[in-house]
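Trainee: Hey, could you walk me through this structure? I'm new to it.
Mentor: Sure, let's take a look together.

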Amino acid sequence: MNVSAKTEEFAAKAPANIPDGVYAETVLAVEHYTDHLFRFRMTRPAGFRFRSGEFAMIGLMVGEKPIYRAYSIASPAWDEELEFFSIKVQDGPLTQHLQKIKPGDTVLMRKKPTGTLVLDALTPGKRLYMFSTGTGIAPFASLIRDPETYEKFDEVILTHTCREIAELKYGFDLMEEIRNHEFLAEVVGDKLKHYPTVTREDYAFQGRITDLIANGKLFTDLGVPPLDPAVDRGMICGSTAMLKDTKELLEKAGLTEGANNKPAEFVIERAFVG
Ligand code: A2P
């Protein structure tokens, strides 16, 4: 048996005794987008409740020990299954194994979800911006598929910036899924706008989202007025540098940061950054 086959077997194994506070769920589907990105769906435990946009600790048994990392739940709160969107890091403690999962394998999940990218943490507004880079689109994959988002906002703008075009595919697939969905298509209507950009390849829409906010191109392209704290709300999910730079731009436009216990005009997810 070679080393990688051995690793695959580790990843597939359910623990002999499932620890308290942990669910052991079955992988239902896996889709690989690039050498660095994949998505998987797994069973949802009966009784597991979360708010769209929250994250959970996802883990695998590696040898005798479970390894966990924070993952945004990418599926909406009403979905019978759970979806996650992940990077693959060749020597990543969890993702070197997680990238090898197949339908039928067991994935662990701690029972308590949490997070700040929830509708409850924002004060009422008209237009909701979701700013994401890379796998930071995951919590928004949940929120754009939740009818509550469209009850609370007239317009929802999802920006997704990646280095390369291939990395945008998950976002395009989500739009397609919504357009073809039996009840979401009607609920969403034309309220949702997708604004994908890349930074390291030629493409119709190019540049860091921070530059596109600062130079106003984002607003011109979308045909909307500049950021206004009276009507605009924001959610940000990406790398540490992206969070900081985007936050500064929103603050400059007069928006203030909120939290679950203190709703305001924008929120940031800090769980994924090291
Ligand atoms: P760039 O290619 O100019 O670095 P990463 O994979 O490094 O997390 O980057 C994902 C995307 O986020 C890339 O398109 C990257 O652009 C962009 N990005 C990186 N840092 C920032 C930042 N401080 N503000 C806005 N976007 C950023």
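**A first look**

Trainee: What does the accessible surface of the protein chain come to?
Mentor: The protein chain has an accessible surface of about 12,700 Å², and carbon and sulfur atoms make up 51% of it. Areas like this come from the Shrake-Rupley method with a 1.4 Å probe, and for residues only the protein chains shown count as cover.

Trainee: Anything I should know before reading on?
Mentor: This is a predicted model, where local features need pLDDT of at least 70 and side-chain atom pairs count only at pLDDT 80 or more, while totals for chains, interfaces and linings use all residues. Residues are numbered from 1 along each chain as its sequence is written, and side-chain values use heavy atoms, leaving out hydrogens and water.

Trainee: OK, how many helices and strands are there?
Mentor: The protein chain has nine helices and 11 strands. Those are DSSP runs numbered from the N terminus: helices are H or I with at least four residues, strands are E with at least two.

Trainee: And how much of the chain is buried?
Mentor: Of its 274 residues, 50% count as buried. Buried means under 20% relative accessible area, exposed is over 50%, and partly exposed is in between (1.4 Å probe, protein chains only).

Trainee: Switching topic: how many salt bridges does the structure hold?
Mentor: It holds 22 salt bridges. That means a side-chain nitrogen of Lys or Arg within 4 Å of a carboxyl oxygen of Asp or Glu.

Trainee: Show me one. Which residue does Glu155 meet in a salt bridge?
Mentor: Glu155 meets Lys193, at 3.0 Å from N to O. Glu155 sits in strand E8 (residues 155–162) and Lys193 in strand E9 (residues 192–198), so the pair ties together parts that are 38 residues apart in sequence.

Trainee: Is Glu155 buried or exposed?
Mentor: Glu155 counts as buried, at 15% relative accessibility, whereas Lys193 is partly exposed at 29%.

Trainee: Got another pair? What does Arg270 form a salt bridge with?
Mentor: With Glu257, their closest N and O atoms being 3.1 Å apart. Arg270 lies in the segment after strand E11 (266–268) and Glu257 in the loop between helix H9 (240–252) and E11, so this pair ties together parts 13 residues apart in sequence. Arg270 is partly exposed, with a relative accessible area of 48%, and Glu257 is partly exposed at 23%.

Trainee: Which residues do salt bridges that share partners join into one network?
Mentor: The network consists of Glu31, Arg39, Arg41, Asp79, Glu81, Glu83, Arg145 and Glu177.
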